[in-house]
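Work through the exercises below with the sequence and the model side by side, and try each task before reading its solution.

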Amino acid sequence: MTAFQPIRALQVLVDHDVRFVVIGGVAGATHGSPSVTQDLDVCHERGPENLARLSAALGSIHAALRGVDDDVPFVPNAEALEAGGHFTFTTDLGDLDCLGIPAGTLGYDDLVKTAIDVDLDGLVVAVASLDDLIRMKRAAGRPRDLAELEILGALREESPS
């Protein structure tokens with residue numbers, strides 16, 4: 001099992017000039033959630049140039065589809081990334097999920113409007129707002145999302161308006 005290195009994975013995306021917003025558990029942690037996550041979730045902009053940059057970034061960390069047989073051929077090139085909306089990868093830096101249009105959103109352009117810049121060990125990245133995280137968790141509706149929704153809701157009540 002590869003050690004989870006979210007800051008290094010984010011650095012790779014930044015180094016490749018990928019346009020993205022951090023979502024999921026890492027985003028929740030930046031807002032104060034105590035929940036532990038073992039993957040990095042990002043919502044990427046789906047334009048052709050950005051998909052080419054994302055493809056290069058994924059290639060540099062040897063991204064492979066997670067949860068499929070090794071003999072299933074898949075190359076995370078821009079065309080493949082454009083054809084799908086949600087990819088779960090294993091990489092040299094841990095699990096990375098790339099979502100084009102997360103549940104409850106219209107995608108990158110929707111999320112980046114209210115995203116906040118967060119400094120993570122010297123690396124500044126866009127992170128989904130607490131309200132957007134709540135919106136995504138509510139729309140996804142899985143048991144783990146509903147549990148996290150309670151935590152995020154409590155954080156929302158504690159935060160200044």
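The exercises that follow treat strands, aromatic rings, cysteines, loops and a pocket in turn.

The model is predicted, so local features need pLDDT of at least 70 and side-chain atom pairs count only at pLDDT 80 or more, while totals for chains, interfaces and linings use all residues. Residues are numbered from 1 along each chain as its sequence is written, and side-chain values use heavy atoms, with hydrogens and water left out.

**Exercise 1. Strand 1**

Task: Determine which residues of strand 1 are buried on each side, and find the residue that stands opposite V22.

Solution: Begin with the element itself, given that helices (H or I, at least four residues) and strands (E, at least two) are DSSP runs numbered from the N terminus. In a regular strand the side chains alternate between the two faces of the sheet. Strand 1 covers residues 20-23, with F20 and V22 on one side and V21 and I23 on the other, and all of these are buried, where buried means under 20% relative accessible area, exposed over 50% and partly exposed in between, for a 1.4 Å probe and protein chains only. Next, turn to the partner: strand 1 pairs with strand 2 in the antiparallel sense over four bridges, pairing being assigned if DSSP finds at least two bridges between two strands. Within this pairing, V22 stands opposite V42 of strand 2.

**Exercise 2. The hairpin of strands 6 and 7**

Task: Describe how strand 6 and strand 7 are joined, and state how far strand 7 is enclosed.

Solution: First count the bridges, of which five join strand 6 (residues 116-120) to strand 7, the two running antiparallel. V118 has V125 in strand 7 as its bridge partner. The two strands form a hairpin with two residues between them, and the turn contains D121, whose phi is positive at about 55° although D121 is not a glycine. D121 is exposed, with a relative accessible area of 73%. Strand 7 (residues 123-127), by contrast, has four of its five residues buried, so it is largely enclosed by the rest of the structure.

**Exercise 3. Rings and sulfurs**

Task: Find the aromatic pair, and explain why C98 is not bonded to C43.

Solution: Rings of Phe, Tyr and Trp (its six-membered ring) pair if their centres lie within 6.5 Å, and planes under 30 degrees apart count as stacked, over 60 as edge-to-face and the rest as tilted. The count by this rule is one aromatic pair. The pair consists of F87 and F89, which are stacked at 5.8 Å centre to centre with 15° between the planes. F87 is buried at 9% relative accessibility, and F89 is buried at 0%.

For the cysteines, a disulfide is a pair of sulfur atoms within 2.5 Å, and the structure holds zero of them. The cysteine sulfur nearest to that of C43 belongs to C98 and is 9.8 Å away, which is too far for a bond. C43 is buried, with a relative accessible area of 0%, and C98 likewise counts as buried at 0%.

**Exercise 4. Two loop residues**

Task: Place H62 and S35 in their loops.

Solution: H62 lies between helix 3 (48-60) and strand 3 (64-65). The phi of H62 is near 55°, a positive value in a residue other than glycine, and H62 is exposed at 55% relative accessibility. S35 is found in the loop between helix 2 and strand 2, and S35 is partly exposed, with a relative accessible area of 30%. The C-alpha atom of S35 is separated by 8.6 Å from that of I151, although the two residues are 116 apart along the chain.

**Exercise 5. The largest pocket**

Task: Characterise the lining of the largest pocket by element and by class.

Solution: On a 1 Å grid over the protein atoms alone, a pocket is an open set of points where a 1.4 Å probe fits, with protein on both sides within 12 Å along at least five of seven lines, and lining residues have an atom within 4 Å of a point. The largest pocket has a volume of about 540 Å³, a volume being the space filled by probe spheres set on the points, which are joined across faces, edges and corners. The lining has 24 residues, and those closest to the centre are G24, D41, K137, R142 and D145. Elements that each supply at least two lining residues include helix 2 (24-30), strand 2 (39-44) and helix 7 (143-158), while helix 6 gives the most, with four. By class, the lining has eight nonpolar, eight polar and eight charged residues, where Ala, Val, Leu, Ile, Met, Phe, Trp, Tyr, Cys and Pro count as nonpolar, Asp, Glu, Lys and Arg as charged, and the others, Gly among them, as polar.
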